[in-house]
Amino acid sequence: MNLNQQTIAQLAEHLENAELQAHEVIKITEAHPDMDWDDAYAIQYEILRRKLARGAKVVGLKAGLTSHGKMKQMGVSTPVFGWLVDYFSVPDGGEIKHSELIHPKVEPEIVFVTKKALKGPGCHIGGVLAATDFVMPGIEIIDSRYKDFKFDLKSVIADNCSSTRFVLGGQATPVAGLDLRTLGVVMEKNGEPVAIGAGAAVLGHPAAAIAALANHLGARGEEIPAGTMILSGGVTEAIAVAPGDHVTLRIQSLGTVSTRFI
Ligand code: OOG
Ligand code: MG
């Protein structure tokens, strides 16, 4: 770690205020070029600590930058991990106030819910599939707090990987008999398909994103508890949305989930 505790606390407050007040900030590595990976996750965890102290609850975890489409769009090559809290959750078909966000984008995601704990190192897709209760479709809404949605990996990790809202729906489906790699994914905006892909876009197999998360947490001495909801990462590049836009995600065998921006 290169940053002291006071700087970590300051940067966490700065980024969380940008989220809560919906304004952009300059990416934090500009002022702190010596920041390392541990510093970045320490800032992310300090933002979570602030939220928990105010009564928020963790309701899920996420992997991000796990598909080629996302890595190319953002100019990076390593997955990142973050957490999801209660007020991020939007009911299927529900409305999202665009004015509460900065420059939101939507992502089509395959969502896992575990029935057994997963602990790295050494976690692999076999272990993930054995520990999965069911999968379902989810729309993730991301909203980087950084100017023009431009960042480097350390800045985006500190910003809890741009997390802001998510919508779960469709059919909770057990993985036995499903080939998650070949599941077709179609996301529509206002009735037009705007993002099309298949599960294999996520690290070759979406369960690999969950294994990567378990291995990341394992290195910190933590695990993915049983009963955890996890977003495995955008299958395609993220799509910008405006007030009035209606977004529907259809995933083969898993059903449909939708939301509307007002
Ligand atoms: C970082 C978050 C990426 C995903 O699914 O790839 C993410 C970003 O692109 O702003 O959630
Ligand atoms: Mg995502």
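The paragraphs below lead through one helix, one annotated span and one metal site of this structure, which is a predicted model.

A convenient place to begin is helix α2, which runs over residues 37-53 and so comprises 17 residues. From its first C-alpha to its last it reaches 24 Å, close to the 24 Å expected at 1.5 Å a residue. At the start of the helix, the backbone nitrogen of Asp-38 has a side-chain oxygen of Asp-36 within 3.1 Å, while beyond the other end the helix is followed by Gly-55, whose phi is positive, near 105 degrees.

Which residues of α2 are buried? They are Asp-39, Ala-40, Tyr-41, Ile-43, Gln-44, Glu-46, Ile-47, Leu-48, Arg-50 and Lys-51. In an α-helix there are 3.6 residues a turn, so residues three or four places apart point the same way. The buried residues of α2 pack against several other elements, namely the helices α1 (5-21), α5 (153-158) and α6 (206-219), together with the strands β1 (58-64) and β2 (80-85).

Further along the chain, an unreviewed UniProt entry lists residues 104-261 as "domain: Fumarylacetoacetase-like C-terminal". In the model this span is 17% helix and 37% strand, and its end C-alpha atoms lie 10 Å apart.

Turning to the metal site, the magnesium ion (ligand 2) has Glu-107, Glu-109 and Glu-140 as its protein donors, each through an OE atom, and these lie 2.0 to 2.1 Å from the ion. Along the chain, the donors follow the spacing E-x1-E-x30-E, and of these residues both Glu-107 and Glu-109 are buried.

How values were computed: Residues are numbered from 1 along each chain as its sequence is written. Chains are lettered from A and ligands numbered from 1 in the order in which they are written. This is a predicted model: local features need pLDDT of at least 70, side-chain atom pairs count only at pLDDT 80 or more; totals for chains, interfaces and linings use all residues. Side-chain values use heavy atoms; hydrogens and water are left out. Helices (H or I, at least four residues) and strands (E, at least two) are DSSP runs, numbered from the N terminus. The expected span of a helix is 1.5 Å times one less than its number of residues. Buried means under 20% relative accessible area, exposed over 50%, partly exposed in between (1.4 Å probe, protein chains only). Contact means heavy atoms within 4.5 Å. A polar contact is a pair of N or O atoms within 3.5 Å; within protein, one must be able to donate a hydrogen and the other to accept it, and residues adjacent in sequence count only if both atoms are side-chain atoms. UniProt positions are given in the numbering used here, feature names are shortened, and annotations may be inferred rather than shown by experiment. Donors are N, O and S atoms within 2.8 Å of the metal (3.2 Å for Na, K and Ca); water is not among the atoms, so sites may look incomplete.
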